Amino acid sequence: RAKEAGRGKHQHYTPSMHADAEERRTLEIALRDALARDELYLLFQPIVSASDGRVSGFEALARWLHPELGQVSPSRFIPVAEDARLMGPIGNWVLRSACREAATWPEDVRVSVNVSPEQLYDPAFLETVVGALAHSGLPANRLELEVTESVFLREGMGAGQLLEKLMKLGVCLALDDFGTGYSSLGYLSRTRFSTIKIDRSFVEGAARNQRESLAIVRAVVAMAQGLDMETTAEGVETEGEFDLLRALGCTNVQGYYFGRPMPAADARALFGSSDSQVA
Ligand code: C2E
Ligand code: MG
Ligand code: MG
Ligand code: MG
């Protein structure tokens, strides 16, 4: 947390900082064994086409259930994994598992996998993706990789070139949590994203009729249309929010209103019925 503590004048070593460092250390040690002990698993959250309510894909979301620590949320363990250089093996496992599952879905349903900056700075990541596709038999265009703006923060780390190579494989790219990082629009013209994901904070604000959020959602949708990209609104929790985002022209919607992140078997069951309409 030292990165976030910069606002104070002095860096006092407080008991809570100690606890935080201790907690991270505990998590790191436990995380080293998590894969081998089968403690990680994936949930899948539907992404729905706003125009016809069909499931166009699922986002794979990592979960960790530790026997003593209990459920640890990815917002806590992913940063620890990144710092401890564990993101390679964990990310590899996520990709392989997600692709293997998606290969059992109907042909027009995609899987979206979150990729952290550390993964993209590793040149071996390309082989990881190629391997996951080959093992599962999933066509490249049914895999979408979600990256955040922060991957472009460290220029010279090669993330741009790696994204270029991934695109040449035929993999789709989504820009996650758009507008919440340090945005520079330059990379939007350089990297061909297929989807911009509009962060839940703007979705929520727009639904509360907040002028700024509404303007931002409108502008992002217009920009995406001009760039031939789709938009996915994140964190849609109510029918009212859905109606608004559809009216604003978002291509896809995702959120508790359509489905919480669910086990693979439940996701599969959505296809069991004659069609996969959920809205
Ligand atoms: P994200 O990629 O932006 O994922 C969306 C988060 O919003 C998920 O939290 C999801 O459960 C939550 N969400 C979805 N719909 C709603 C809604 O209607 N309301 C609310 N309040 N929340 C909603 P989750 O699963 O806790 O994941 C948090 C973050 O952890 C993800 O944000 C992503 O950045 C990261 N993450 C998760 N799995 C992975 C992974 O396999 N690899 C990497 N690198 N990061 C991951
Ligand atoms: Mg995501
Ligand atoms: Mg997101
Ligand atoms: Mg988010």
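**A walk through a two-magnesium chain**

Leu270 sits in the segment that follows helix H11 (264-269). The model is a predicted one. Leu270 is partly exposed, with a relative accessible area of 25%. Its place between the classes follows because buried means under 20% and exposed means over 50%. Take Ser51 as a second marker. Leu270 and Ser51 are 219 residues apart in sequence. In space, their C-alpha atoms are 19 Å apart.

Now the chain as a whole. It holds 11 helices and nine strands. It has 279 residues, and 46% of them count as buried. Consider next the contacts in the chain with a sequence separation of 6 or more. Residues 24 or more positions apart account for 67% of these.

The metal ions come next. Which residues coordinate the magnesium ion that is ligand 2? The donors are Glu59 (OE), Asn114 (OD1), Glu146 (OE) and Asp176 (OD). Their distances run from 2.0 to 2.2 Å. Along the sequence, these donor residues follow the spacing E-x54-N-x31-E-x29-D. The site links distant parts of the chain through one pair of donors. Glu59 belongs to strand E2 (residues 55-66). Glu146 belongs to strand E5 (residues 143-148). The two are 87 residues apart.

Are these two glutamates buried or exposed? Glu59 has a relative accessibility of 5%, so it counts as buried. Glu146 is buried too, with a relative accessible area of 2%.

The magnesium ion that is ligand 3 has its own set of donors. They are Asp176 (OD), Asp177 (OD) and Glu234 (OE). The coordination distances here are 1.8 to 2.4 Å. The sequence spacing of the donors reads D-D-x56-E. Asp176 and Asp177 differ in accessibility class. Asp176 is buried at 6% relative accessible area, whereas Asp177 counts as partly exposed at 24%. The cut-off falls between these values, because buried means under 20%.

Which residue ties the two sites together? Asp176 bridges the magnesium ion (ligand 3) and the magnesium ion (ligand 2). The two ions lie 3.7 Å apart.

Turn from the ions to the helices. Helix H8 (residues 200-207) packs against helix H9 (residues 211-226). Their axes are 7 Å apart, and the angle is about 120°. H8 and H9 are therefore oblique to each other. Their crossing is left-handed. On the H8 side, the contact is made by Ser201, Phe202, Gly205 and Ala206. On the H9 side, it is made by Ser213, Leu214, Ile216 and Val217. By class, this contact of H8 with H9 has five nonpolar residues and three polar ones. It has no charged residues.

H8 has a contact with another helix, H10 (residues 239-248). The axes of H8 and H10 come within 10 Å. They cross at roughly 100°. That angle makes H8 roughly perpendicular to H10. H8 contributes Val203, Glu204, Ala206 and Ala207 to the contact. H10 contributes Glu241, Leu244 and Leu245. What is the make-up by class of the contact of H8 with H10? There are five nonpolar, no polar and two charged residues. Ala206 of H8 takes part in the contact with H9 and in the contact with H10.

Two loop residues complete the tour. Most residues other than glycine have a negative phi. Asp38 has a positive value, with phi near 65°. Where does Asp38 lie? Asp38 is in the loop between helix H1 (15-34) and strand E1 (40-49). Its relative accessibility is 66%, so Asp38 counts as exposed.

Arg85 also has a positive phi, near 60°. Arg85 is found in the loop between helix H2 (74-83) and helix H3 (87-102). At 68% relative accessibility, Arg85 counts as exposed.

Look back once more at the metal sites. Asp176 coordinates both magnesium ions. Asp176 is buried, and so are Glu59 and Glu146. Asp177, a donor to ligand 3, is partly exposed.

Terms used:
Residues are numbered from 1 along each chain as its sequence is written. Chains are lettered from A and ligands numbered from 1 in the order in which they are written. This is a predicted model: local features need pLDDT of at least 70, side-chain atom pairs count only at pLDDT 80 or more; totals for chains, interfaces and linings use all residues. Side-chain values use heavy atoms; hydrogens and water are left out. Donors are N, O and S atoms within 2.8 Å of the metal (3.2 Å for Na, K and Ca); water is not among the atoms, so sites may look incomplete. Buried means under 20% relative accessible area, exposed over 50%, partly exposed in between (1.4 Å probe, protein chains only). Helices (H or I, at least four residues) and strands (E, at least two) are DSSP runs, numbered from the N terminus. Axes are lines fitted to C-alpha atoms, for helices over the stretch in contact, and angles run from 0 to 180 degrees between N-to-C directions. Angles under 35 degrees count as roughly parallel, over 145 as roughly antiparallel, 65 to 115 as roughly perpendicular and the rest as oblique. A crossing is left-handed if the near helix is turned anticlockwise from the far one by less than a right angle, and right-handed if clockwise. Contact means heavy atoms within 4.5 Å. Ala, Val, Leu, Ile, Met, Phe, Trp, Tyr, Cys and Pro count as nonpolar, Asp, Glu, Lys and Arg as charged, and the others, Gly among them, as polar.
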